[in-house]
Amino acid sequence: MAHGEVLEFEEYVRTRQDALLRSARRLVPDPTDAQDLLQTALVRTYGRWDGIADKSLADAYLRRVMINTRTEWWRARKLEEVPTEQLPDASIEDGTEQRADRALLMDILKVLAPKQRSVVVLRHWEQMSTEETAAALGMSAGTVKSTLHRALARLRQELESRDLDLRALERGDRSLQHEGRERCAA
C-alpha cells in the first residue's frame, strides 16, 4: 500500500472510529468484544483499503466486515454453553431509565439469530433504508423485510415474556410479604 493510502486510512479511522465502535457495540453485547470486533475489522479492511475505489462506501464495507467477523465468531463459539430459560439481569450502573431501557434492549437482542440481529441493527440503529440494508447484507429487499418482521415479532414476544415473569415475581413477593405480616401478628 502506498504511503498516501496509509495516511488516508489513518485519517479515516481517526474520524470514523467513534461511529464504527457504536456499530460494533450494537452487533456484540460486550464492550470489550465490540472493541475487538472493530479492531479485527479494521485490520482486515486495511489489507484491502487500496481495493476500495469509492472511499465514501468505506463505512458500508467496514460494517459488512464487522458483520461477517461477528458471524465467524458466533459459528466458532464453543457449543458447551447450555441455554437457560432465564437470562441474567442486565447490570445498570447509573440507574437512569434510558440506560435501563438500553441495557434491556441489548439483552433481548441476544435472543435473535445473527442475521436477524444484523437486520435490526442496520435498519433501526444505523437507520439504513431497506435497500441499503439489503445491499450491505447481500440479500434481497424482500428478505430484509421478512427477516425484520420476524425479528421484531421475536423481540415483542421476548419483552412480553419478561413482563409476565416480572409480574409473577412481584405477585410472589407480595404473597411472601403477606405471610410475613401474618406470622408477626401471631
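Let's start with the aromatic cluster: F9, Y12, Y46 and W49 come together as one. Keep in mind that what you have in front of you is a predicted model.

So how many aromatic pairs are there? The count comes to three. One of them is F9 with Y46, and that pair is edge-to-face, with 5.2 Å from centre to centre and 65° between the planes. F9 sits in helix α1 and Y46 in helix α2, 37 residues apart, so here we have a pair that links distant parts of the chain. Now the two partners: F9 counts as buried, at 7% relative accessibility, while Y46 is partly exposed, with a relative accessible area of 35%.

On to Y12 and W49. Their ring centres are 5.2 Å apart and the planes meet at 35°, so this pair is called tilted. Y12 is in helix α1 and W49 is in the loop between α2 and α3, so the pair ties together parts that are 37 residues apart in sequence. Buried or exposed, these two? Both Y12 and W49 are buried. And W49 has company: K55 lies over the face of its ring, at 4.6 Å from the ring centre.

Let me stay with Y12 for a moment. What does Y12 touch, if we skip residues up to four places away in sequence? The answer is L20, W49, A58, D59 and L62. L62 comes back in the next bit, too. The largest nonpolar core has 36 residues, and those with the most contacts inside it are Y12, L38, L62 and M66. Which elements give two or more residues to this core? They are α1 (3–27), α2 (31–46), α3 (58–76), α4 (97–109), α5 (114–125), α6 (130–137) and α7 (141–185). The biggest giver is α1, with six residues.

While we're on α1, have a look at R16, where the helix bends by about 60°. Quite a few α1 residues are buried, among them V6, F9, Y12 and V13. Further along the helix, A19, L20, S23, A24, R26 and L27 are buried as well.

L27 is a handy bridge to my next residue, S118. That serine is in helix α5, and the residues S118 touches are L27, I67, R70 and L137, again not counting residues up to four places away in sequence. Why do we call S118 buried? Its relative accessible area is 3%, and buried means under 20%.

Now for W74, a tryptophan outside the cluster I opened with. W74 is in helix α3. At 40% relative accessibility, W74 counts as partly exposed. If you want to find it from the other side, try A113: the C-alpha atoms of W74 and A113 are separated by 9.8 Å, with their positions 39 residues apart along the chain.

Last stop, Q127. Where is it? Q127 lies in the loop between α5 and α6. What is its phi? Phi of Q127 is near 55°, a positive value in a residue other than glycine. Q127 is exposed too, with a relative accessible area of 66%.

To pull the threads together: Y12 belongs to the aromatic cluster, and Y12 is also among the residues with the most contacts inside the largest nonpolar core. That's it from me.

Methods. Residues numbered from 1 in each chain as written. Predicted model: local features only at pLDDT ≥ 70, side-chain atom pairs only at ≥ 80, totals over all residues. Heavy atoms only, no water. Core = buried A, V, L, I, M, F, W, Y, C linked by side-chain atoms within 4.5 Å. Buried < 20%, exposed > 50% of the residue type's maximum accessible area, 1.4 Å probe, protein only. Helix = DSSP H or I, 4+ residues; strand = E, 2+ residues; numbered from the N terminus. Contact = heavy atoms within 4.5 Å. Bend = angle between axes of the 7 residues up to and from the residue. Phe/Tyr/Trp six-rings, centres within 6.5 Å; stacked < 30°, edge-to-face > 60°. Lys NZ or Arg CZ within 6 Å of the ring centre and 35° of its normal.
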